[in-house]
Structure formats: C-alpha cells, structure tokens
2 protein chains.
Amino acid sequence: MPRRIDNNFNAEPTIKDISQIYDVLTDEEKEKVLNNHSVKHFKKNDVIYQEGEIPDSLLCLGSGKVKVYKVGFGGRDQIVRMANPTSFIGYRAFFAEGPHVASAVVIEPCTIFYIPKAIVYELLESNHQFSLNIIRSLAQELGFSRYRTVTLTQKHIRGRLAESLLVLKDIYGFEDDGITLNVYLSREDLANFSNMTTSNAIRTLSTFVNEKVITVDGRIIRILDQETLEKISKLG
Amino acid sequence: MPRRIDNNFNAEPTIKDISQIYDVLTDEEKEKVLNNHSVKHFKKNDVIYQEGEIPDSLLCLGSGKVKVYKVGFGGRDQIVRMANPTSFIGYRAFFAEGPHVASAVVIEPCTIFYIPKAIVYELLESNHQFSLNIIRSLAQELGFSRYRTVTLTQKHIRGRLAESLLVLKDIYGFEDDGITLNVYLSREDLANFSNMTTSNAIRTLSTFVNEKVITVDGRIIRILDQETLEKISKLG
DNA sequence: GACTCAATATGTTATAAAACATAAATCTAG
DNA sequence: CTAGATTTATGTTTTATAACATATTGAGTC
C-alpha cells in the first residue's frame, strides 16, 4: 500500500523554485515571467501532453513526478524519461519547434508552470545564461538517451532492470530511511522503463528479492544491497 | 570496390560553409571566427576523438563522413550517429561540459574546423541566434535518439536493418543515379548501426537482395524498392 | 461484504537472434 | 605473386526472452 510521498508537501511550489530559469534572470525578466505564466495542477494518471501535439508553452515541473513515454510497435510502450522537480517537461519538442513525439503522464500529483512561447523566446534573446542552461540540459539529456540506447539494447534482463532501479534512485532518491526508493511504479511501468515484458519485470524483481538485493512490498521497493545491484547492472 | 565519392570533391570547404554557425554571425563575429579557428584533415579510420576525452573546441565537419559510436558490453559497439557535412561533431559533450561518452572515427576523408571554446562562448553570449541554432540541433538530435532507442529495442532484425538503410539514405542521400546509397559501410558498421551481429546483418542483407528490395555489390548498396523497404521498416 | 476489474505472480512453450563454426572471397604487405 | 589478415558468407546450435496460459491477490465499487 504505497503511501504518497511528496517532496513539496508543506510548501506549494512557485515558479521561483524553478532555479534553472529563475535564478539567472534579471529583476526585470523575473517580473515578466511572474506576470506571464500560469499554473496547472494534475492528478495521478492525468495526461499532460500527447504525442503529436504542438507545444505553445514551456512547461516546468514544480512538484510531482511524470513519466514520458513513446508508444512502440507491438503495443509495448517505452518510457524514455522519468521527470522530477524542478525540471522542464516536453521542452525537447518546444525547442525543436516540432510536435511532441512522446506523451507525458502523471505518476504523482503535479504542479506545472506554463511560460508562453513568446516570453521564452524573449528571454532567450535577452539572457544568454538562460540559453546556456537550456543548451546544457539538452546536451546532458542527449548523453543519457544515447547511454540508455546502448544499455537497453545490449544488457540482459537482469542488467536492464538493475540499471533502471539505480537510475530511479538517482532521479528520485531514497526516503528518509535511506533505502526505500522514493517512487512507486507499477510493474508495467517498471517493465516499460527497462525494455521488457511485465511478466519478466515481475519475475526478475522476484529473483532480486530471493537474492536479498532488494525487498518488495507492493510498489514499495527497498534497495538492500546497492553494491550487488550495481554489479548486476554492470555485468549486463 | 567502392569508389570514393566526395560531396566536396571540387571545392575544398572553408568554415564559411558551416552555415549553421557562419550564416547568423555579424561581420565582426565572422572576422573573429575566421581569425580564430584551425583546420585539420583526417583520413579513413582516423580517430577524431575518443570516449573520455575532454573537448576544448567546437568541431565542424566541413567535408567527409564520420561515425560516432559507443563501446558496448559484449564488445559490440553501437553507432549512435552518422555525421554528414556540414554539421557539428562531438558538440554534445562540448556543450554538456563533460567528457566525450562516445568515439568519432572517419568513414570518408574529412576536413574539420576547430573553434576554441572561449570563442564559442563569446559567440553564444553575443549572438542569440547562434544559441538558438545549437538549441534546435540538440533538441532535434535528442528526438532522433529517443526514436532510435525505441526502434532498436522493439523492431525485429529486418525492420531494424531496413530502417538503418533508410536513415542512411536520409543522411547521405543517393548518388546521381538516384538509387545508390552515397555511403559505403562495412557489414560490421551496418550491424553496429542497427543493433545486431555482423552475421545477421550479412544474412538479412542477402534476404533483401533475394527479395529484390536492394542490390549489393561489395559495400555499394542500391535501393531498388524503397516502398517495400519502408514497409519492412514499419512492420518492425 | 460480495463483486468486478486490474495488477501481480508463476509455470510452459515458442521463437528470434546470438553464439559458434567454418569456408570463401577480398584485401594488404612483403 | 604469394601468404596472411580481414571481410563476407552461410550453416548449425544454443539461449534469452517474448508469448501464452492461468492463478492469485488486491483495490475500488455498489
């Protein structure tokens, strides 16, 4: 029975929390952003955007968790990104000036800030540090994407699942106890993140439990032996 | 016996040909770039950069062809990009401000322009249109990378190889006859681009020949029936 | 609290593709 | 021109994992 854990439970986030954008702006630019953005709240399983849609705003995830996935061929989806606060959402399509080629769905209740396209492009023009932040983000994400292409195609099931658990740990971290993964995915999502069938995700998760590498309680996953998990991930 | 085909056989390229950068600069900036870049020539199989190296210049491919690949686990490499003129090389790591996570090797003799890091960052600061070009490039490449992640993990061998041939066609085009792929890869490179073993690339290529979809003469590949090839690619 | 639907679990079978094994052809160097 | 190395080709075996088939459990609903 997964409790809901929210990083921003006490404080409702504002756009000022989106440091990647807000920290580099001048006072004048900050004013502009404050006066020209909107806020939306989403609940679990809500669709934030869908493949094919044309983005007209830059989306910033203030709180919550989001999966971004592409629909595959045999009906199997591939989760290409798990987003955490505070980061941009769907910004690849926005900056490529094309349609979304993936869909974004809420994993945990979200607060999302919308900055209209015109404003974003004014900022890019007036503030090169903001541009640099975008450039760095995209470059890093491209590196991650290529890395995942190789691991998802070349590692075996155990390696893929172990890696996915470690990636989730890197993105969302642990709860206060230091071992419980701070994200609660269905076996299907876990499978779609790791390029395998749901059956195999369940099965492999069970073998990890038997090997005392993790414990599983519903969707709560605890990493007991991170070193071994890293070894499994490395071996492929 | 593949003849060497060079897009820029007659005219040795200059940095002025790198439209993505040169076209958007002011006269002053152009002067700066002209006075602060170097040119290097590479021959087939030369290593342009290697995984782990820290980039200190922005590289622009003036002429030639380059493969960018990551070393996999079971010794099998994955080609993550085939670069054509005139585009940036290794710019992901450059802009991520980290080490290269892939290696670049020459497929066909190259002319490469080097613009020092300091100059590039001056340009990013003074010319937001240049920044926008970089942003758009990275965003588009990230889209492509995610697309390939899904197809390389989900499509079957025939679909993967068919897609790779079509991607190569999109990148390098045909020769004057309109059917001969303007790039000459070993079966191993073709396999590493398509996430399969060399044996299976050879085998599958043969079945395509038997099905009269392509012809193969050494490394020369002619696409006889593009429609069918697209169908094979789509079916997975 | 029984009922329904979705999620999880696990065993069995089928199959795509890797791994392995040679052989033939082509290229390279002395 | 010959010898060795590399690339291409093709057949056979093995294996990882998808596909299929049922249970079982759990969550939400009337």
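In this predicted model, 69% of the atoms of DNA strand D within 4 Å of the protein belong to sugar or phosphate, and the rest belong to bases. The protein surface near this strand draws on both chains. There are 17 residues around DNA strand D, and H156(A), I157(A), N200(A), R187(B) and R203(B) come nearest. Several phosphate contacts can be listed by residue. The backbone of I157(A) places an N or O atom 3.2 Å from a phosphate oxygen of DNA strand D. T197(A) uses its side chain instead, with a polar atom 3.4 Å from a phosphate oxygen of the strand. From chain B, the side chain of R219(B) has an N or O atom 3.2 Å from a phosphate oxygen of DNA strand D. Two or more residues of this surface come from each of α6 (157–172) and α8 of chain A and α8 of chain B. The largest share, 4 residues, is that of α8(B). By residue class, the surface near DNA strand D holds 4 nonpolar, 8 polar and 5 charged residues.

DNA strand C was examined in the same terms. Around it lie 17 residues, of which R187(A), R203(A), H156(B), I157(B) and N200(B) come nearest. Sugar and phosphate make up 67% of the atoms of DNA strand C that come within 4 Å of the protein. Chain A reaches the backbone of the strand through R187(A). An N or O atom in the side chain of R187(A) is 2.9 Å from a phosphate oxygen of DNA strand C. Chain B adds further contacts. A polar backbone atom of I157(B) is 3.1 Å from a phosphate oxygen of the strand. For T197(B), the distance from a side-chain N or O atom to a phosphate oxygen of DNA strand C is 3.4 Å. Three helices each supply at least two residues of the surface near this strand: α8 (198–210) of chain A, and α6 (157–172) and α8 (198–210) of chain B. Here α8(A) gives the largest share, 4 residues. The surface near DNA strand C divides into 4 nonpolar, 8 polar and 5 charged residues.

Two annotated regions of chain A were then compared with the model. According to UniProt, in an unreviewed entry, residues 155–227 of chain A carry the annotation "domain: HTH crp-type". Over this stretch the chain is 53% helix and 11% strand. The C-alpha atoms at its ends are 18 Å apart. The second UniProt annotation, also from an unreviewed entry, is "domain: Cyclic nucleotide-binding", listed for residues 21–141 of chain A. That stretch is 34% helix and 39% strand, with its end C-alpha atoms 17 Å apart.

The two protein chains also meet each other. Chain A gives 40 residues to the contact, and chain B gives 40 residues. About 3900 Å² is buried between chain A and chain B, and carbon and sulfur atoms give 68% of this area. On the chain A side, F73(A), R146(A) and Q154(A) lose the most area to chain B. Together these residues account for 19% of what that side buries. Charged and polar pairs cross the interface as well. The count between chain A and chain B is 4 salt bridges. One of the salt bridges joins R136(A) to E97(B), with the closest N and O atoms 3.1 Å apart. In addition, 12 residue pairs are in polar contact across the interface, both residues being at pLDDT 80 or more. Two or more residues on the chain A side come from each of β4 (77–83), α3 (91–96), α4 (117–126) and α5 (128–154). The largest share, 21 residues, comes from α5(A). The chain A side comprises 15 nonpolar, 13 polar and 12 charged residues.

Some backbone details remain. In chain A, the peptide bond from P85(A) to T86(A) is cis, with omega near -10°. T86(A) lies in the loop between β4 and β5 (87–89) of chain A. In chain B, P85(B) and T86(B) are also joined by a cis peptide bond, with omega about -10°. T86(B) sits in the loop between β4 (77–83) and β5 (87–89) of chain B. Another backbone feature occurs at N45(A). Its phi is positive, about 75°, although N45(A) is not a glycine. N45(A) is found in the loop between β1 (38–42) and β2 (47–49) of chain A.

Notes
Residues are numbered from 1 along each chain as its sequence is written. Chains are lettered from A and ligands numbered from 1 in the order in which they are written. This is a predicted model: local features need pLDDT of at least 70, side-chain atom pairs count only at pLDDT 80 or more; totals for chains, interfaces and linings use all residues. Side-chain values use heavy atoms; hydrogens and water are left out. Contact means heavy atoms within 4.5 Å. Buried area is the accessible area (1.4 Å probe) that two parts lose on being put together, summed over both. A salt bridge is a side-chain nitrogen of Lys or Arg within 4 Å of a carboxyl oxygen of Asp or Glu. A polar contact is a pair of N or O atoms within 3.5 Å; within protein, one must be able to donate a hydrogen and the other to accept it, and residues adjacent in sequence count only if both atoms are side-chain atoms. Ala, Val, Leu, Ile, Met, Phe, Trp, Tyr, Cys and Pro count as nonpolar, Asp, Glu, Lys and Arg as charged, and the others, Gly among them, as polar. UniProt positions are given in the numbering used here, feature names are shortened, and annotations may be inferred rather than shown by experiment. A residue is near a molecule or strand if one of its heavy atoms lies within 4 Å of it.
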